[in-house]
Amino acid sequence: MSRVLQKKVCLLGAFAVGKTSLVSRYMNGIFSDKYLSTMGVKIDRKEVEVDDITVNMMLWDVHGEESVKKVPVTYMRGSAAYFLVIDGTRRASVEVARELHARMRAETGDIPFVVLLNKADLKDEWQLNDADVTALREEGWDCYLTSALSGENVEAAFERLAGQMVR
Amino acid sequence: MKMPVVPEALLNYLVEMQINRLSPAWARLDEACQCIAAYGGEWHSYSADAVLHVGAVLEDSFACLCGQNFEMDFVLPRMELRQGSFTDIHFVRIANTPWLLFLDVTEQTVQQLVQQQNANELSLLRDQQRRVLDRYVGGTVSERSMGGKLTFDAKGERRDISTMFIDLRSFTIFNQQYDPQYVMDVLNQYMDKMLPPILDECGLVDKITGDGAMAVFGVLNEQAGTAESALRAALRIQSEIASMNELRNKQGDYLMEVGIGIGSGEAVLGIIGAHDRRSFTVIGPHVNLAARLEGKARGNEILVDKATFQSVKHVIRSHECMQVVLKGIGMTTVYKLHH
């Protein structure tokens, strides 16, 4: 009989980077190009099999960080892992991710995280170039170029984080 | 509990307005905060399928509390436990007894949602405008424009500026020989080498004319040394085009070179047009001169007028001075700058 683990996983990032769309793509395989701002937190549960372990991922889709509306640390507490979501078409979203990363680390310590460089389908409009992505990887950030629209790398990134939580 | 002295009718009104509207639901937890010891209130407002009974394991009843640390009091604001319903979850210890309190904050959250949605959409729109401006006029000019610091009116403004015309040589033949889509792709590759050096020197790309462009240096109020900026951009364009052509030559691709003309002097900067069709424009004798110089320049050449030469002669290695007849202008002293 396989072991079952329940783990809290937060999705963090600036507003409108695509956190809700990524969860929607991963959970239901659907995408809507209409932007709907998230208030507070919406939680979804997804079962992922890693070797002989069932990981119940409690996905916390947290509202986007804004200068006037910070993500409260109470949302971060108790996380087993997290995603940092960056919008490749908005360079400013990298700095927001850095700040959230620092706050998360201060709150939870050294837990697994994966960076989603989202909106890969809009590559023509990207403000991040290859050198920027290489620099992030050189900092030790485990980066995936994702697209909630096409689904590119979405499942792979979620499974990667699930794997990191049990190993 | 000490209650303020208010008539019972008002007290009931306050309770209704401040407490009952929030549909409070509560659970008392065991000492270890792992199980439910007692519960009450309007749980039906929060979760239809919650497993609620005395002795129930907390995480089984409330998956949203998975991993939560109960060593200190906390509030989880605006948890969307059901689609479109928002709950504030409070955990408090009162006289060593741990309590969970759920309050329905849907009404106020939905009001805030509308404001947040509008604010975020405006912010995204502004980002989008900035990106479009960045593409055409460069980061510095776009930043000033977005901040309202770059404005011209119909009367115009006199400034000392430098104007550059650049043009791809042999483009007409290329255009006639190849498929239009391929021509477009190659043109964009060349433009990628021609435009960034201008933007990096705070030049304003005023017009893109298919196989060439017109750029103005000195649009920013405090920009000094406009001729030097134009020259640096021109030298970098020629260097980058040469590097690209070297690669294209190895691949057997069609090669095009760039001719550049630069003129400097006083000009009037302003907006012309009417109603909804207006555009930035530069008017001055040196503008026409720069266009004529570009027309005379051969591939890989930079030709400048006397005013530009006087401003940059201390930074150039060698040059050639020529007397050239320019259409509509006549005999003119022209300097070919070597690079």
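**Chain A and chain B: the interface in a predicted model**

Strand 2 (residues 41-50) of chain A and strand 3 of chain B run parallel and are joined by two bridges; strands are DSSP runs (E, at least two residues) and helices likewise (H or I, at least four), numbered from the N terminus. Two strands pair if DSSP finds at least two bridges between them. This is a predicted model, in which local features need pLDDT of at least 70, side-chain atom pairs count only at pLDDT 80 or more, and totals for chains, interfaces and linings use all residues. Residues are numbered from 1 along each chain as its sequence is written, chains are lettered from A and ligands numbered from 1 in the order in which they are written, and side-chain values use heavy atoms, leaving out hydrogens and water.

User: Which residue in strand 3 of chain B is the bridge partner of Lys42(A)?
Analyst: Strand 3 of chain B is joined to strand 2 of chain A by two bridges. In strand 3, the partner of Lys42(A) is Glu80(B).

User: How many residues of the side of chain B that touches chain A come from helix 3 of chain B?
Analyst: Contact means heavy atoms within 4.5 Å, and 28 residues of chain B are in contact with 29 residues of chain A. Helix 3 (106-137) and strand 3 (74-82) of chain B each supply at least two residues of that side. The largest share comes from helix 3, with twelve residues.

User: How many salt bridges does the rule find across the interface of chain B and chain A?
Analyst: A salt bridge requires a side-chain nitrogen of Lys or Arg within 4 Å of a carboxyl oxygen of Asp or Glu. Across this interface, the number found by that rule is zero.
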